[in-house]
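Open the structure in your viewer and set it to a cartoon view. The tour below goes from one selection to the next and says what is there.

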Amino acid sequence: MKRITVTLTIGMIVLIISATTVSAKTINEADTTLCETLNYALMSSLREPVDKAIVEIYKNDINAPQGLRWDTTGAKILKIKQLYGVGGLYEITLRIMPFYRAHITYGIDEVVVNSNGELIRYKHLKTYPLW
């Protein structure tokens with residue numbers, strides 16, 4: 001019995017000592033740094049609620065050009081607020097610059113969405129004159 005116990009103990013010690021530590025490394029297959037890539041990926045994932053905010057903000061603006069849109073390069077994340085602890089819901093505040101035609105900026109807006117893709121609130125900050 002002692003022989004089996006000693007053999008099992010030595011076997012376990014050998015397994016523990018020879019265990020290889022594995023660490024994962026993030027692979028970034030983009031033309032930007034990892035931080036910038038995550039920034040653009042987050043904003044792109046929130047496209048639907050931000051598009052909804054643009055429609056709401058400019059629906060009563062008779063001068064607003066048709067087909068206002070936005071892109072992640074002209075947007076900025078202003079704040080990320082953690083609501084219920086790590087891994088819970090987050091509120092993301094974006095500053096967007098809706099444009100028309102060849103990226104002619106029409107306005108500046110602040111849009112708050114959550115990490116579930118829901119539009120929380122929006123605020124129009126500035127309108128630029130049409131060219």
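Start with L94. Show every residue in contact with L94, leaving aside neighbours within four places in sequence, and the selection holds M43, L46, V50, K76, I77, L78, D109, E110 and V111. Keep in mind from here on that the model is predicted.

L94 is also a good way into the interior. The largest nonpolar core has 19 residues, and L94 is among those that touch the most other members, together with V50, Y58, L68, W70 and I96. Colour those six residues to mark this part of the core. Two or more core residues come from each of α3, β2 and β5. The element that gives the most is α3, with 5 residues.

**The sheet**

Now select the strands β1, β2, β5 and β6. These 4 strands form an open sheet in that order, with antiparallel pairing. At the edges are β1, residues 76-82, and β6, residues 119-127, each of which pairs on one side only. Between neighbouring strands of this sheet the average turn is 10 degrees, direction ignored. As background, strands of a sheet pair through backbone hydrogen bonds, which may be parallel or antiparallel.

**The two helices across it**

Select residues 34-45 to see helix α2. This helix lies across β1 and β2, and runs at about 80 degrees to β1. For helix α3, select residues 47-58. Helix α3 lies across β2, β5 and β6, at about 50 degrees to β6.

**The hairpin of β5 and β6**

Hide the helices and keep β5, residues 107-114, and β6 in view. The two strands pair in the antiparallel sense over 7 bridges. Two of the partners can be picked out by name: D109 has H124 as its bridge partner in β6, and V113 has L119. Next go to the 4 residues between the strands of this hairpin, where G117 takes a positive phi near 85 degrees.

Then move to G107, which is in strand β5. Is G107 buried or exposed? Its relative accessibility is 0%, so G107 counts as buried. Not counting residues up to four places away in sequence, G107 touches Y58, I96, M97, P98, K126, T127 and Y128. One of these, Y58, was coloured earlier as a core residue. Put a distance label between the C-alpha atoms of G107 and H124: the separation is 7.8 Å, for two residues 17 apart along the chain.

**Salt bridges**

The last selections are charged side chains. How many salt bridges are there? The count comes to 3. In general, side chains of opposite charge can pair when their charged atoms come close.

Select E91 first; E91 lies in strand β2. With a relative accessible area of 15%, E91 is buried. Show its surroundings, again without residues up to four places away in sequence, and E91 touches K79, I80, K81, L83, V112, V113, N114, I120 and R121. The side chain of E91 meets that of R121 in a salt bridge, at 3.9 Å from N to O. This pair links distant parts of the chain, with E91 in β2 and R121 in β6, 30 residues apart. R121 counts as partly exposed, at 45% relative accessibility.

Go next to E110 and R95. These two form a salt bridge in which the closest N and O atoms are 3.3 Å apart. E110 lies in β5 and R95 in β2, so the pair ties together parts that are 15 residues apart in sequence. R95 is partly exposed, with a relative accessible area of 31%. E110 is also on the contact list of L94, where the tour began.

Finish with K59 and E56, whose side chains meet in a salt bridge at 3.0 Å, N to O. Which of the words buried, partly exposed or exposed fits K59? At 52% relative accessibility, K59 counts as exposed. E56 is partly exposed, with a relative accessible area of 30%.

Methods. Residues are numbered from 1 along each chain as its sequence is written. This is a predicted model: local features need pLDDT of at least 70, side-chain atom pairs count only at pLDDT 80 or more; totals for chains, interfaces and linings use all residues. Side-chain values use heavy atoms; hydrogens and water are left out. Two strands pair if DSSP finds at least two bridges between them. Axes are lines fitted to C-alpha atoms, for helices over the stretch in contact, and angles run from 0 to 180 degrees between N-to-C directions. Contact means heavy atoms within 4.5 Å. A nonpolar core is a set of buried Ala, Val, Leu, Ile, Met, Phe, Trp, Tyr and Cys residues joined through side-chain atoms within 4.5 Å. Buried means under 20% relative accessible area, exposed over 50%, partly exposed in between (1.4 Å probe, protein chains only). A salt bridge is a side-chain nitrogen of Lys or Arg within 4 Å of a carboxyl oxygen of Asp or Glu.
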